[in-house]
Amino acid sequence: MRTPNQLLKNAPELEKHPAVQELIEQFEETRDLLVDAEQRIEQKATRLKHLEELVTQIRAGIHDELKKDEEAERFKETPRIDFKEAVKNLQRYINDYLRDYKIWM
């Protein structure tokens, strides 16, 4: 996209016209709003990426713990999983993760 200065470089006298100055101001305000909107979109996309990663890690962790408990029950070689303690650990992990990535819920 060309800027107003680029458009008016062959006719600099138009830049002094009040209506053209008003258009230039509106262009700059609109451009600033666009930049702000793009930054907000990028922040939300980053937040979504972190939340997707968190869910992926939680799902993998749950799968692993259930498999360990199943094996402990079947083979009786290791103690079964203390799910109450596992849930507490998961809660701490989620809280730490959200704090680290500055995601406030």
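**Entry 1: the start of α3**

Which residue caps the N-terminal end of α3? I looked there before anything else, keeping in mind that this is a predicted model. I found aspartate 82 in that role, with a side-chain oxygen 3.3 Å from the backbone nitrogen of lysine 84.

Next I checked the length of α3. The helix covers residues 83-100, which makes 18 residues. At 1.5 Å a residue they should span 26 Å, and I read 25 Å between the end C-alpha atoms, so the two values agree.

**Entry 2: the whole chain**

I stepped back to take in the protein chain. I counted 3 helices and 0 strands, and reading along the sequence gave me the pattern α-α-α.

Then I asked myself what the C-alpha trace spans along its principal axes. The answer is about 90 × 20 × 15 Å. I also looked up the radius of gyration, which is 28 Å for the protein chain, whereas a compact globule of 105 residues would have one near 13 Å.

I noted that 12% of the 105 residues count as buried. For contacts with a separation of 6 or more, I found that 48% come from residues 24 or more positions apart.

**Entry 3: the nonpolar core**

Which residues make up the largest nonpolar core? My list has 5 residues: Leu54, Ile58, Tyr97, Leu98 and Ile103. Both α2 and α3 contribute, each with at least two residues of this core. I wrote a textbook reminder beside this: nonpolar side chains tend to be buried together in soluble globular proteins.

I followed isoleucine 103 a little further. Setting aside its neighbours within four places in sequence, I found isoleucine 103 in contact with Arg47, His50, Leu51 and Leu98.

**Entry 4: aspartate 69 and its partners**

I moved to helix α2, which runs over residues 18-75 and contains aspartate 69. Is aspartate 69 buried or exposed? I have it down as buried, because its relative accessible area is 7%, and the cut-off for buried is under 20%.

What does aspartate 69 touch, not counting residues up to four places away in sequence? I found Arg80, Ile81 and Phe83. With arginine 80 there is a polar contact of 2.7 Å between the side chains.

Arginine 80 turned up again when I looked at glutamate 73: their side chains meet in a salt bridge of 4.0 Å, N to O. I could then draw a network of salt bridges that links Asp69, Glu73 and Arg80. Unlike the buried aspartate 69, glutamate 73 is partly exposed at 44% relative accessible area. Arginine 80 also counts as partly exposed, at 48%.

**Entry 5: more salt bridges**

How many salt bridges does a search of the whole structure find? The count is 7, and I looked at two further pairs in α2.

One pair is glutamate 65 and lysine 68, whose side chains meet at 3.5 Å, N to O. They are 3 residues apart in helix α2, so about one helical turn separates them. I noted glutamate 65 as partly exposed, with a relative accessible area of 26%; lysine 68 is partly exposed too, with 47%.

The other pair is glutamate 70 and arginine 74, which form a salt bridge of 3.0 Å, N to O. These residues sit 4 residues apart in helix α2, about one turn of the helix. Glutamate 70 counts as partly exposed at 44%. Arginine 74 is exposed, because its relative accessible area is 52% and the exposed class begins over 50%.

**Entry 6: two lysines with positive phi**

Last, I turned to the backbone angles. I reminded myself that most residues other than glycine have a negative phi.

Where is lysine 76 found? I located lysine 76 in the loop between α2 and α3. Its phi is positive, about 55°, although lysine 76 is not a glycine. At 66% relative accessibility, lysine 76 counts as exposed.

Lysine 102 also has a positive phi without being a glycine, at about 50°. I placed lysine 102 in the segment after α3. With a relative accessibility of 62%, lysine 102 counts as exposed.

Definitions and conventions: Residues are numbered from 1 along each chain as its sequence is written. This is a predicted model: local features need pLDDT of at least 70, side-chain atom pairs count only at pLDDT 80 or more; totals for chains, interfaces and linings use all residues. Side-chain values use heavy atoms; hydrogens and water are left out. Buried means under 20% relative accessible area, exposed over 50%, partly exposed in between (1.4 Å probe, protein chains only). A polar contact is a pair of N or O atoms within 3.5 Å; within protein, one must be able to donate a hydrogen and the other to accept it, and residues adjacent in sequence count only if both atoms are side-chain atoms. Contact means heavy atoms within 4.5 Å. The expected span of a helix is 1.5 Å times one less than its number of residues. A nonpolar core is a set of buried Ala, Val, Leu, Ile, Met, Phe, Trp, Tyr and Cys residues joined through side-chain atoms within 4.5 Å. The radius of gyration is taken over C-alpha atoms; the globule rule is 2.2 Å times the number of residues to the power 0.38.
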